[in-house]
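Trainee: I have a model open and would like to go through it with you. Shall we take it piece by piece?

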Amino acid sequence: YSGKSALRFFDGATMMTYQTPHKAFETIYCRNKPAPQGCDDISKGFSKSRPNAPVSSFEVKASQVGDQAGRGIFAKVDIPKGAYIGVDQSMNSITVTPTTYGIISSHVEEYDEAAGLDAVVEFLWGYGFESNLYGESSYVVDSTILTFVNHGCNGTYNAATETTIGTEMTVNADEFDADYFSHDPYNLAVARHLPHSQNSGTFALRDIKAGEEILNNYLDFTTDEENWKDDVRDLRNQCLGKGVGSITDVERGGLPSMKVWRDGK
């Protein structure tokens, strides 16, 4: 032992090896009997046995959800029940990690000179969804046309996760089911494939005919108690015609600008 610090070459690439376990560790971990949760192909975000409806199978048209819905995504071909929705490009999503989002947020909040970043934050607020799967707030924005998939009110969604929860009208806004949204931070399989499972977990819940609008359950994207009540309330208002979605809101200038947000803090 040389006595020199083992952290001499501890750079960003080294840090990533700690955040994302090596394949060998996952292989050994998943050999346990019974197999731990997260070791199946579906939990890893992709299963070869499941068909996929590629992004090219969809098109953007005016939504049929309502006058306030803006654009929507429609199937150009028949999609069988259980098929992935656009898994072929799911890993091209824009992921803003907690560290990156924290740096951006602190700069736009504290420094007027950082006003150039205002558009970045407003883009994330309007087109992305917030997640705390990495321990703190991060944002993910679908980089394909699937970012325009609308919420299906009153359980009318035809594409969602296999463990989708209730509708905006049936869940209790004051009761957050932490067990449903929690994940084991020490699960090697989950840690290694978290970006895959986070971005590719949407399936067709039934046979979808060509021409049908694709609708999701936005409650599936709520991952923490802090946002649960607001998300349920916002979706209820949208479904009752009293509000609009975040994309429509930001494009109409409805979301507060970062300058207004800073001045109000």
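Trainee: In which strand does N216 lie?
Mentor: Keep in mind that this is a predicted model. The strand in question covers residues 215–216. N216 therefore lies in its last position, and the strand is β11.

Trainee: Is N216 buried or exposed?
Mentor: The cut-off for buried is under 20% relative accessible area. N216 has a relative accessible area of 8%. That value is under the cut-off, so N216 is buried.

Trainee: Which residues does N216 touch, not counting residues up to four places away in sequence?
Mentor: Look along the chain on both sides of N216. Its contacts include V149, N150, H151 and G152. Y157, A159, A160 and T202 are also among them. The list ends with F221.

Trainee: Where is N154 found, and what is its phi?
Mentor: N154 is in the loop between β8 (150–151) and β9 (159–160). The residue is not a glycine, yet its phi is positive. The value is near 55°.

Trainee: How many helices and strands are there in the protein chain?
Mentor: Let us step back to the whole chain. It has 265 residues, and 37% of them count as buried. Its secondary structure comes to 9 helices and 11 strands.

Trainee: What share of the contacts with a separation of 6 or more is between residues 24 or more positions apart?
Mentor: Contact here means heavy atoms within 4.5 Å. Take the contacts in the protein chain with a separation of 6 or more. Residues 24 or more positions apart account for 76%.

Trainee: In what order do the strands of the open sheet with β5 stand?
Mentor: The sheet has 3 strands, and the pairing is antiparallel. β5 (94–96) and β6 (129–131) each have a single partner strand, so they stand at the edges, with one side of each left without a neighbour in the sheet. The twist averages 25° from one strand to the next. The order is β5-β7-β6.

Trainee: Which residue in β7 is the bridge partner of I94?
Mentor: β5 and strand β7 (residues 138–141) run antiparallel. They are joined by 3 bridges. The partner of I94 is V141.

Trainee: Which helix packs on this sheet?
Mentor: The helix spans residues 118–127. It touches β5, β6 and β7. Its direction makes about 70° with that of β7. It is helix α4.

Trainee: How many aromatic pairs does a search of the whole structure find?
Mentor: Y84 and F203 form one of them, tilted, at 5.1 Å centre to centre and 35° between the planes. Y101 and Y139 form another tilted pair, at 4.8 Å and 50°. The search finds 3.

Trainee: How many residues apart in sequence are the parts that Y84 and F203 tie together?
Mentor: Y84 is buried, and so is F203. Y84 lies in strand β4 (residues 84–85) and F203 in strand β10 (residues 203–204), so the pair ties together parts that are far along the chain from each other, by 119 residues.

Trainee: And what is the sequence separation for Y101 and Y139?
Mentor: Both Y101 and Y139 are buried. Y101 lies in helix α3 (residues 98–110) and Y139 in strand β7, so the pair ties together parts of the chain that are 38 residues apart.

Trainee: Which charged end sits over the ring of Y84?
Mentor: A charge sits over a ring when it is within 6 Å of the ring centre and within 35 degrees of the ring normal. Here the distance to the centre is 5.5 Å. The charged end belongs to R50.

Trainee: Which residue in β3 stands opposite V60?
Mentor: Strand β2 (residues 58–62) pairs with β3 in the antiparallel sense over 5 bridges. Strand β3 (residues 71–75) is mostly covered, with 4 of its 5 residues buried. Opposite V60 stands I73.

Trainee: How far apart in space are K209 and D78, C-alpha to C-alpha?
Mentor: K209 is in the loop between β10 and β11. At 51% relative accessibility, K209 counts as exposed. K209 touches A75, V77 and D78. K209 and D78 are 131 residues apart in sequence, but in space the distance is 4.5 Å.

Terms used
Residues numbered from 1 in each chain as written. Predicted model: local features only at pLDDT ≥ 70, side-chain atom pairs only at ≥ 80, totals over all residues. Heavy atoms only, no water. Helix = DSSP H or I, 4+ residues; strand = E, 2+ residues; numbered from the N terminus. Buried < 20%, exposed > 50% of the residue type's maximum accessible area, 1.4 Å probe, protein only. Pairing = 2+ DSSP bridges. Axes fitted to C-alpha atoms, helices over the stretch in contact; angles between N-to-C directions. Phe/Tyr/Trp six-rings, centres within 6.5 Å; stacked < 30°, edge-to-face > 60°.
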